[in-house]
Amino acid sequence: MGTLNSEAFRLHLTADQDKTPPSGTVQDIYAPSGILYSNNPTQWFAPIKVNATDSGSGIKYILASTTRPTLVNNVETLARVPTILERGAEWYQRLGRDGNAGTKVYCLSGHVKKPGAYELPMGATARELIYDYGGGIRIHGQLKAFSPGGVSSGILPAEMVDIPLDYESLTKASSMLGSGAMIVMDDSTCMVDIALRSAWFFAHENCGECTPCRIGTSRVVQILTKITTGHGSWQDAETLKELGERMHDDSRCGLGQSAPLPFLSSLNHFRGEYQAHIEEKRCPSKVCPASSIVLTPSAQEVSV
Ligand code: SF4
């Protein structure tokens, strides 16, 4: 799904929850993200969340009068094609390790001394990327966790730093290589806070088309906010697990299916941090407000 821009689309607002042809005012609007609903097969289908200033509430269906596609090709793949054609597929395959073919480009960020873009043989370990290329953890820090392929790949603990960065190994670890956007976290990081920040991202970025993702991501933000402010319970943690399974199994696309990975993996690998927030009402890393914030009734409500 690509990003829409205001120049590309003239949008017709229809009645709430109504997919009939547009009867409302034709408007040029800024479309933050999403695909588009239409009853014309040459056009694209999807809902877009309209903001509260548009009359009415919740989600309206919006019809686009454009046929401009939003496909973005994978530049990393395309950039390799000339060299593979020139040197041959066997040459490229030999660059990888342990049966893996070729190389992988990583965007290394977070608490390392030398963040940047690095190209390593497919199958190189996270330790090589973080220490040999990233220069190790920034001053006074110890490696606590890393996210191998962006937040969608979940969080792995420091003890797994020797894991080979290849598709099979990461899948076995309930993670994935994803975009190769590795995020490194040192011991000043709160894993519950990271789960909440990731949840905000998915709640903001989802297109709203299917219920498990649209409602699930908002619900996860509410629950993690309760926990980070010292108002959570183990029942909330159980609810997170159930929600995560439903979102993974029932969401329509990869965004909703991978949205649970950050909180499920942090629950799995850093349960002690959840215990401190839930039972002791404190954040061991002193990042979360823990018990210092009292939630308003509306913040505690579950909107479905
Ligand atoms: S999973 Fe999320 S992003 Fe994907 S179609 Fe459903 S609501 Fe949209």
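This is a conversation between a visitor and a guide about one predicted model.

Guide: Welcome! Residues are numbered from 1 along each chain as its sequence is written. The model is predicted, so local features need pLDDT of at least 70 and side-chain atom pairs count only at pLDDT 80 or more, while totals for chains, interfaces and linings use all residues.

Visitor: What makes a stretch such as residues 75–87 count as helix α1?

Guide: Helices are DSSP runs of H or I with at least four residues, strands are runs of E with at least two, and both are numbered from the N terminus. Helix α1 has 13 residues.

Visitor: What is the span of α1 set against?

Guide: The expected span is 1.5 Å times one less than the number of residues. For α1 that gives 18 Å, and the helix reaches 19 Å from its first C-alpha to its last, which is close.

Visitor: Where in α1 is the kink?

Guide: At Val81, shortly before the proline Pro82, with a value of about 30°. The bend at a residue is the angle between axes fitted to the seven residues ending there and the seven starting there. After α1 comes Gly88, with a positive phi near 100°.

Visitor: Why is α1 said to lie largely in the open?

Guide: A residue is buried if 20 or more other C-beta atoms, placed from the backbone, lie within 10 Å of its own, exposed if 12 or fewer, and partly exposed in between. In α1 the number of buried residues is zero out of 13, so the helix lies largely in the open.

Visitor: Why is strand β7 called largely enclosed?

Guide: Five of the five residues of β7 (residues 143–147) are buried, so the rest of the structure largely encloses this strand.

Visitor: How do you know that β7 pairs with β9?

Guide: Two strands pair if DSSP finds at least two bridges between them. Four bridges join β7 to β9 (residues 183–186), and the two run antiparallel; Ser147 stands opposite Ile183 in β9. With β8 (residues 156–157) there are two bridges, again antiparallel, and Phe146 has Leu156 as its bridge partner.

Visitor: Why is Glu238 exposed, and Gln275 partly exposed?

Guide: Glu238, in helix α7 (residues 234–250), has 11 other C-beta atoms within 10 Å, so Glu238 is exposed. Gln275, in helix α10, has 13 such neighbours and therefore counts as partly exposed. The C-alpha atoms of Gln275 and Trp234 are separated by 8.3 Å, although the two residues are 41 apart along the chain.

Visitor: What is notable about the phi of His140?

Guide: Most residues other than glycine have a negative phi. His140 is not a glycine, yet its phi is positive, about 70°. His140 sits in the loop between α3 (126–133) and β7, and with 8 other C-beta atoms within 10 Å it is exposed. Lys286 also has a positive phi, about 60°, without being a glycine; its place is the loop between α10 (271–279) and α11 (297–300).

Visitor: What makes a residue part of the shell around the ligand?

Guide: Its C-beta atom, placed from the backbone, must lie within 6 Å of the molecule. Among the residues that qualify are Cys207, Cys210, Cys213 and Cys253. Helices α6 (211–228) and α8 (254–258) each supply at least two residues of the shell.
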